[in-house]
Amino acid sequence: MNKERLKVKCIGIDEEGKGIVKLKGKEFHIANLLEDETAIIEVVKNKNVETVKLIEMEEESKYRVKPSCPYFNKCGGCQIQQMSYEGQSKFKQSKVEDLLGSFCKVNEILTMEEPYYYRNKIHSTFSHDKKGQIISGFYQENTHDVINIDRCIIQDSKADEIIETIKGFMKSFKMKPYDEDTKEGFLRHVLIKRGFSTGQVMVVLVVASKIFPGKNNYIKALIKKHPEISTIIMNINNRKTSVVLGNEEIVLYGKGYIEDILCGVKFQISAKSFYQVNPIQTEVLYNKAIEMAKLKGNETVIDAYCGIGTIALIVSRKVKNVIGVEVNKDAIKDAIKNAKQNNIKNAYFYNDDAGDFMVKLANENKNIDLVIMDPPRSGSDEKFLSSLVKLSPAKVVYISCNPVTQERDLRYLVKNGYKVMEIQPVDMFPQTAHVETCVLLSHKNS
Ligand code: SAH
């Protein structure tokens, strides 16, 4: 083993918010180092593997602040709390410019006025610590060890209070946290969703078995302490998996869903369906997407990867028809119900793979004016994109939570007849390294 200490200057920040330094032509990524900072690091060479570690900071960035969360160094949830919000916004802006700037000029990022307590969905894992005390919180980065967390600065504080109550109830109700190794115990996770504009709260108890002794008293006590809870669901997950939710659900209290209002449309949200986690910035994002599309009122629109139909239903009021497609069955059921509840008659939803669905539409030579697409982090696929090119709508609005895969897909579209007209970054996830982008493309022949 060979150790060496060196002074380095950080040249940028990677995807996970780690500082990038270059040593002898090689790139290293070091946690908690910001762009332009200089520091002493230690390089350890063991056989052919080199690892680097931060020893001492020398010159700090003007954007460095003290992280406000005491768990910041252990929990992997946020990556860039050591940066002021101004620094974070600058980092995200240049990340988008580096990735997408060659297509067209990038608009200035739309930031949040209050970049804290914005998450409407909270998930907490229950476990024991080494002394046998019940704890709940998040897995420590890259491990299955739970860190006990009683407050999180990016999530809804009401939800934190409910999780604390549930933790407090464990003893009096003789409820044991589930142990992944011995497979003993009952409560695995708690998931809470809150409709920010309706105030409705959903509590999902993810448990290892259907047998819930003292269930009725437990529910009564929880509702008494938190009358704002509108529904409680028991989700059964007895598999060895890091996926939080199991397949089976039993509604213990209330309707089994909550509602929220986005851009004037009411949405039903179930435990399993995707719903944007930052509703304040979601409205900012959707309004921007709609503004970019410059709708006239006579368009036929596709909302691909539509989730519970949020974009489709909001846009439906401004166009002739909208067709939503989504692979998750529960989400599509919610979308159909949402259309009915809001008395929207020009929105049609299909439960299908977006790529397969686009192939069918392309084979039918459907006339489509606008495609709004909002795929998951992995981006779209060639099946979808090649059919999109065949359908050749005049405009495409591509919303993405991962500019890396978006860049790949934009390249394909630009090669095949489209031009990028506008790029808008939106900060949907303050304190984390993630950034959302909304991109307008128009067909060269239109
Ligand atoms: N537009 C929605 C959801 C975006 S998240 C909103 O703003 O709320 C991406 C969605 O794509 C998820 O609902 C996910 O279930 C869905 N999805 C993932 N892969 C898909 C595929 N191959 N075909 C269709 N939908 C898919």
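**Exercise 1. In what order do the 3 strands of the open sheet stand, and is their pairing parallel or antiparallel?**

Solution. Start with the ground rules. This is a predicted model, in which local features need pLDDT of at least 70 and side-chain atom pairs count only at pLDDT 80 or more, while totals for chains, interfaces and linings use all residues. Residues are numbered from 1 along each chain as its sequence is written, and side-chain values use heavy atoms, with hydrogens and water left out.

Step 1. Fix the terms. Strands (E, at least two residues) and helices (H or I, at least four) are DSSP runs numbered from the N terminus. Two strands pair if DSSP finds at least two bridges between them.

Step 2. Read the order. The open sheet runs E2-E3-E4, with antiparallel pairing.

Step 3. Find the edges. Strand E2 (12-13) and strand E4 (26-30) each have a single partner strand, so one side of each is left without a neighbour in the sheet.

Step 4. Check one pair. Strand E3 (residues 19-23) meets E4 over 5 bridges in the antiparallel sense. Ile-20 stands opposite His-29 in E4.

**Exercise 2. Describe the surroundings of the ligand.**

Solution.

Step 1. Take the shell. A residue is near the ligand if one of its heavy atoms lies within 4 Å of it. There are 16 residues around the ligand, and Gln-276, Tyr-286, Glu-326, Asp-353 and Ala-354 come nearest.

Step 2. Sort by class. Ala, Val, Leu, Ile, Met, Phe, Trp, Tyr, Cys and Pro count as nonpolar, Asp, Glu, Lys and Arg as charged, and the others, Gly among them, as polar. The shell has 8 nonpolar, 4 polar and 4 charged residues.

Step 3. List polar contacts (pairs of N or O atoms within 3.5 Å).
- A side-chain N or O atom of Gln-276 is 2.8 Å from an oxygen atom of the ligand.
- A polar side-chain atom of Asp-353 lies 2.8 Å from a nitrogen atom of the ligand.
- Val-327 uses a backbone N or O atom, 3.2 Å from a nitrogen atom of the ligand.

Step 4. Gauge the cover. On its own the ligand has 580 Å² of accessible area (Shrake-Rupley method, 1.4 Å probe). The protein covers 85% of that area.

**Exercise 3. Which elements line the second largest pocket?**

Solution.

Step 1. Define the space. On a 1 Å grid over the protein atoms alone, a pocket is an open set with protein on both sides within 12 Å along at least five of seven lines; a cavity is a set of points where a 1.4 Å probe fits but cannot get out; lining residues have an atom within 4 Å of a point.

Step 2. Describe the pocket. About 530 Å³ of space lies in it. Its lining has 22 residues, with Ser-127, His-128, His-144, Asp-145 and Val-146 nearest the centre.

Step 3. Name the elements. Strands E7 (121-128), E8 (134-139), E9 (146-148) and E10 (187-194) each give two or more residues. E7 gives the largest share, 4 residues.

**Exercise 4. How many cavities of 30 Å³ or more does the structure hold?**

Solution.

Step 1. Count. There are 2.

Step 2. Take the largest cavity. Its volume is about 70 Å³. E7, E8 and helix H2 (157-172) each give two or more residues to its lining. That lining includes His-123, Phe-138 and Glu-164.

Step 3. Take the second largest cavity, with about 50 Å³ of space. Lys-121, Arg-194 and Tyr-275 are among its lining residues.

Definitions and conventions: A polar contact is a pair of N or O atoms within 3.5 Å; within protein, one must be able to donate a hydrogen and the other to accept it, and residues adjacent in sequence count only if both atoms are side-chain atoms. Grid points are joined across faces, edges and corners, and a volume is the space filled by probe spheres set on the points.
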